[in-house]
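Me: Please take a close look at one part of this model. I would like to know how one short helix sits against its surroundings, and what else is worth noting.

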Amino acid sequence: MSSARLIDRFGREVNYVRLSVTDRCDFRCVYCMAEDMTFLPREQILSLEELYDVGKAFVELGVRKLRLTGGEPLVRRNILELVEKLGRLQALHELTLTTNGSQLVKMAPDLRKAGVKRINVSLDSLNPDRFKELTRTGDLQQVLAGIDAAKTAGIERIKLNAVVLRGRNEDEVMDLVRYARAEKLDISFIEEMPLGAITEHNRQLSFVSSAELRERISQDYELFPCSENTGGPSRYYRMSDSGSRIGFISPHSHNFCNLCNRVRVTVEGRLLLCLGNEHSVDLREVLRGRPDQLKQAIVDAMAIKPERHYFNLEEEPQIVRFMNMTGG
Ligand code: SAM
Ligand code: SF4
């Protein structure tokens with residue numbers, strides 16, 4: 001099966017996997033988690049060895065980009081061991097992770113040594129009190145110091161991710177753009193997705209569209225569309241006087257499914273074929289019962305990758321998983 005590739009029924013090639021390495025997190029962001037969360041018992045989550053086997057199988061099936069996520073990937077015990085092992089897979093072009101930044105001060109140098117050249121860091125506010133409100137437990141200074149540490153460690157490309165909520169942080173969009181420009185970072189603004197039943201706010205009222213944000217930013221900086229396509233829900237723009245790119249992640253207003261090149265694996269080993277659908281295959285059962293069939297199970301799963309998702313704000317939540325289970 002060495003030349004096998006992952007192609008679904010609609011001719012889309014899967015070459016990008018997001019692997020969740022924990023459902024736990026040191027933050028409790030209002031759009032992602034409830035205040036009181038119950039996390040999975042240890043036996044239900046994949047061990048670091050199992051996570052490695054899954055990553056390796058995908059790479060052998062042609063996957064070239066692997067993103068570790070969670071929960072907060074950097075709070076998983078001994079996560080660096082996994083990063084180092086995955087970083088040694090020759091065929092993998094890009095090993096990256098999405099983090100809340102809280103552990104970067106201590107971990108950025110080792111991540112860089114293990115081969116991580118790009119990371120995404122979530123940052124919704126530059127105001128310490130508001131940052132605390134949105135993350136419930138986070139410390140802004142720690143995250144900003146973490147971003148500095150990642151730059152110093154030589155992580156070449158850092159992208160900020162900001163979820164924008166009306167009445168909460170929409171007034172900070174230009175401050176975040178200016179921060180990204182000053183620090184030479186990319187930044188993506190994310191429309192909130194209806195994942196998990198949260199009670200903290202009403203998602204219909206808090207929704208801010210990417211179109212509205214683009215319009216606001218264009219008043220200060222002319223935006224030029226970038227030609228590259230990530231195969232995901234992001235659209236990127238450049239400014240004439242800065243190397244920073246501005247992205248808009250719009251699962252509601254931009255249907256990107258026809259270009260989808262990715263799948264996700266939850267920390268329980270559930271292979272999710274689409275962020276907005278429940279179609280999945282239990283890879284944990286394969287890993288623990290018939291590990292020699294892991295690659296075949298992944299190839300077979302391509303047959304159930306749905307054509308598209310149908311997010312609808314008026315009927316939330318259609319997906320009962322929380323984002324920390326799905327892995328962003
Ligand atoms: N803990 C890491 C972090 O926050 O970057 C990685 C996991 S987190 C689930 C991945 C991304 O999903 C973050 O950028 C976060 O802002 C985003 N996210 C979480 N819940 C979301 C939601 N309901 N809608 C849109 N984005 C969400
Ligand atoms: Fe944790 Fe990331 Fe979810 Fe925030 S968005 S609660 S940092 S997993």
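Reply: What follows goes through one helix, then one arginine and one pocket. The model is predicted.

Start with helix H4, residues 128-135. Its buried residues are Arg130, Phe131, Leu134 and Thr135. They lie on the same side of H4, because they cover an arc of only 120° around the axis. An α-helix has 3.6 residues a turn, so residues three or four places apart point the same way. What do the buried residues of H4 pack against? Their partner is helix H5, residues 140-152.

Now the two ends. At the start of H4, a side-chain oxygen of asparagine 127 comes within 2.9 Å of the backbone nitrogen of aspartate 129. Just after H4, arginine 136 has a positive phi of about 65°.

Next, arginine 12. This residue belongs to the segment before strand S1 (16-20). Is arginine 12 buried or exposed? Arginine 12 counts as buried, because its relative accessibility is 7%, and the cut-off for buried is under 20%. Its side chain makes polar contacts with backbone oxygens. A polar side-chain atom of arginine 12 lies 2.8 Å from the backbone oxygen of proline 306. The side chain also reaches the backbone oxygen of glutamate 307, at 3.1 Å. Beyond its neighbours within four places in sequence, arginine 12 touches several residues, including Leu6, Ile7, Cys257, Asn258 and Cys260.

Last, the second largest pocket. Its volume is about 380 Å³. The lining has 16 residues, and Arg24, Arg42, Ile45, Arg76 and Arg77 lie nearest the centre. By type, the lining splits into 6 nonpolar, 3 polar and 7 charged residues.

Conventions: Residues numbered from 1 in each chain as written. Chains lettered and ligands numbered in written order. Predicted model: local features only at pLDDT ≥ 70, side-chain atom pairs only at ≥ 80, totals over all residues. Heavy atoms only, no water. Buried < 20%, exposed > 50% of the residue type's maximum accessible area, 1.4 Å probe, protein only. Helix = DSSP H or I, 4+ residues; strand = E, 2+ residues; numbered from the N terminus. Arc of directions from axis to C-beta. Contact = heavy atoms within 4.5 Å. Polar contact = N/O pair within 3.5 Å; in protein donor to acceptor, adjacent residues only side chain to side chain. 1 Å grid on protein atoms, 1.4 Å probe; cavity = no way out; pocket = protein on both sides within 12 Å on 5 of 7 lines; lining within 4 Å. Points joined across faces, edges and corners; volume = space filled by probe spheres on them. Nonpolar A, V, L, I, M, F, W, Y, C, P; charged D, E, K, R; others polar.
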